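Here are some notes to read alongside the model, written for someone meeting a structure of this kind early in their studies. Please keep the picture open and find each place as it comes up.

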Amino acid sequence: MDRYICYTIEENYDGKKIESFMRNEMKASARLIRGLKHLPDGITVNGVHARTIDILHKGDILGFHLSEKDDFEYAEPVKMSLEILYEDDDLLIVNKPAGLANHPSHNHQGDTLANAVSYHLSEKGKTGTFRSVGRLDKGTSGIVVCALNKFSAAKLSGRIYKEYYAVCDGIYEGEGVIDRPIYRPDPIITKRVVDERGEKAITQWRALKSKNGRTLLRIHLLTGRTHQIRVHFASTGTPLTGDSMYGIKSDMISHQALHCAYIRLNHPVTEKEIEIECPMPEDMEKLIK
């Protein structure tokens with residue numbers, strides 16, 4: 001889906017190069033800047049083609065044409081239920097159910113969130129490459145932010161605040177931090193472990209409620225390692241309920257009890273703050289009732 005974005009230049013960028021605005025104000029990546037430079041109408045000032053080295057003046061209308069023509073990884077549109085939490089020309093934010101994979105893979109063709117998003121966009125006469133800004137494991141439910149163009153994806157990367165609900169097999173009280181490095185022993189196998197050879201990983205947690213030997217936790221990640229929450233709580237002897245990879249299966253829930261419940265971000269174009277809360281699913285609620 002092509003997108004045209006325009007900015008009115010204010011006094012603080014008067015006399016500065018377009019590239020300065022793109023890097024400092026837009027937070028555009030080097031790759032995005034290169035792509036825009038190679039499009040005839042990729043960068044314009046007052047409707048006329050411009051170069052990144054051109055000088056801006058107060059009141060100029062600086063425009064960008066974000067084209068998807070170079071993208072080729074379109075997922076096949078497949079009709080399926082999609083709970084939309086927010087949508088505009090730049091973002092699509094959805095509540096992903098547990099059991100739904102994010103992207104097509106060898107084991108998942110036509111049954112992923114990417115397929116559902118592709119169908120939703122096609123129903124509106126739009127196309128676009130699926131770009132989830134921070135993925136959720138197949139067995140994890142909750143909020144997924146989908147960027148609808150390259151600029152939005154680059155602008156939001158690493159800039160979304162998230163909180164999770166998790167239910168673990170064990171009793172916690174108060175709040176705390178798990179600071180343990182996470183390592184991948186086998187590059188072919190997804191499973192991770194806590195190991196000094198790994199990358200730094202920090203998880204903040206707060207206990208909300210304990211019941212039947214389990215604790216409901218509210219969690220925020222200070223780092224974003226694969227399986228971080230699951231690995232950290234398994235490493236303390238309290239794996240997430242239902243996590244068959246890092247703990248044991250449960251008769252009460254078919255997947256790990258983990259849900260992305262809250263996000264906060266600044267809109268990539270308008271800079272307006274967006275907050276979204278997504279209630280915990282019923283199968284997780286039952287664990288601590």
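1. Two residues are said to be in contact when heavy atoms of theirs lie within 4.5 Å. With that in hand, and remembering that this is a predicted model, we can look at Arg3, which lies in strand S1 (residues 3-8). Leaving aside its neighbours within four places in sequence, Arg3 is in contact with Phe64, His65, Leu66, Asp89, Asp90, Asn149 and Val269. One of these partners, Asp90, also makes a polar contact with Arg3, side chain to side chain, at 2.8 Å. Is Arg3 buried or exposed? Arg3 counts as buried, because its relative accessible area is 17% and the cut-off for buried is under 20%.

2. It may help to step back to the whole protein chain, which has six helices and 16 strands. Its C-alpha atoms fill a box of roughly 65 × 40 × 35 Å, taken along the principal axes. Of the 289 residues in the protein chain, 48% are buried, and the accessible surface comes to about 14700 Å², with 48% of that surface belonging to carbon and sulfur atoms. Among contacts between residues at least 6 apart in sequence, 67% join residues that are at least 24 apart.

3. Strand S1 also has a place in an open sheet of four strands, whose order is S1-S4-S2-S3 and whose pairing is antiparallel. The edge strands are S1 and strand S3 (48-49), each of which pairs on one side only. Inside the sheet, strand S2 (residues 43-45) and strand S4 (residues 61-66) run antiparallel and are joined by three bridges, and Thr44 has Gly63 in S4 as its bridge partner. Helix H2 packs on this sheet, where it touches S2 and S4, and the direction of H2 makes about 95 degrees with that of S4. As background, strands of a sheet pair through backbone hydrogen bonds, either parallel or antiparallel.

4. A second antiparallel pair to trace is S5 with S6, which four bridges join. The link between S5 and S6 is a hairpin, and the hairpin passes through three residues. Within this pair, Ile84 stands opposite Val94 in S6.

5. Which strands help to cover the buried residues of helix H3? What covers them includes strand S5 (83-87) and strand S6 (91-96), as well as strand S8 (141-147). Helix H3 (residues 113-123) is mostly covered, since eight of its eleven residues are buried, and those buried residues are Leu113, Ala114, Asn115, Ala116, Val117, Ser118, His120 and Leu121. After H3 comes Gly125, which has a positive phi near 75 degrees.

6. Two further residues deserve a careful look at their backbone angles, and the background is that most residues other than glycine have a negative phi. Lys27, although it is not a glycine, has a positive phi of about 60 degrees, and Lys27 is found in the loop between helix H1 (18-24) and helix H2 (30-37). Glu271, also a residue other than glycine, has a positive phi near 70 degrees, and Glu271 is found in the loop between strand S15 (258-266) and strand S16 (273-277). Lys27 is partly exposed, with a relative accessible area of 41%, and Glu271 likewise counts as partly exposed, at 38% relative accessibility.

7. The last point concerns cysteines, and the background is that a disulfide is a covalent bond between the sulfur atoms of two cysteines. How many disulfides does a search of the whole structure find? The search finds zero disulfides. Cys146 is in no disulfide, and the nearest cysteine sulfur, that of Cys260, is 12 Å away. Why does Cys168 not form such a bond? The closest cysteine sulfur, in Cys260, is 18 Å from the sulfur of Cys168, and this is too far for a bond. Both of these cysteines are covered as well: Cys146 counts as buried at 1% relative accessibility, and Cys168 is buried with a relative accessible area of 0%.

Definitions and conventions: Residues numbered from 1 in each chain as written. Predicted model: local features only at pLDDT ≥ 70, side-chain atom pairs only at ≥ 80, totals over all residues. Heavy atoms only, no water. Buried < 20%, exposed > 50% of the residue type's maximum accessible area, 1.4 Å probe, protein only. Helix = DSSP H or I, 4+ residues; strand = E, 2+ residues; numbered from the N terminus. Polar contact = N/O pair within 3.5 Å; in protein donor to acceptor, adjacent residues only side chain to side chain. Pairing = 2+ DSSP bridges. Axes fitted to C-alpha atoms, helices over the stretch in contact; angles between N-to-C directions. Areas by Shrake-Rupley, 256 points an atom, 1.4 Å probe, with all protein chains shown as cover. Disulfide = S-S within 2.5 Å.
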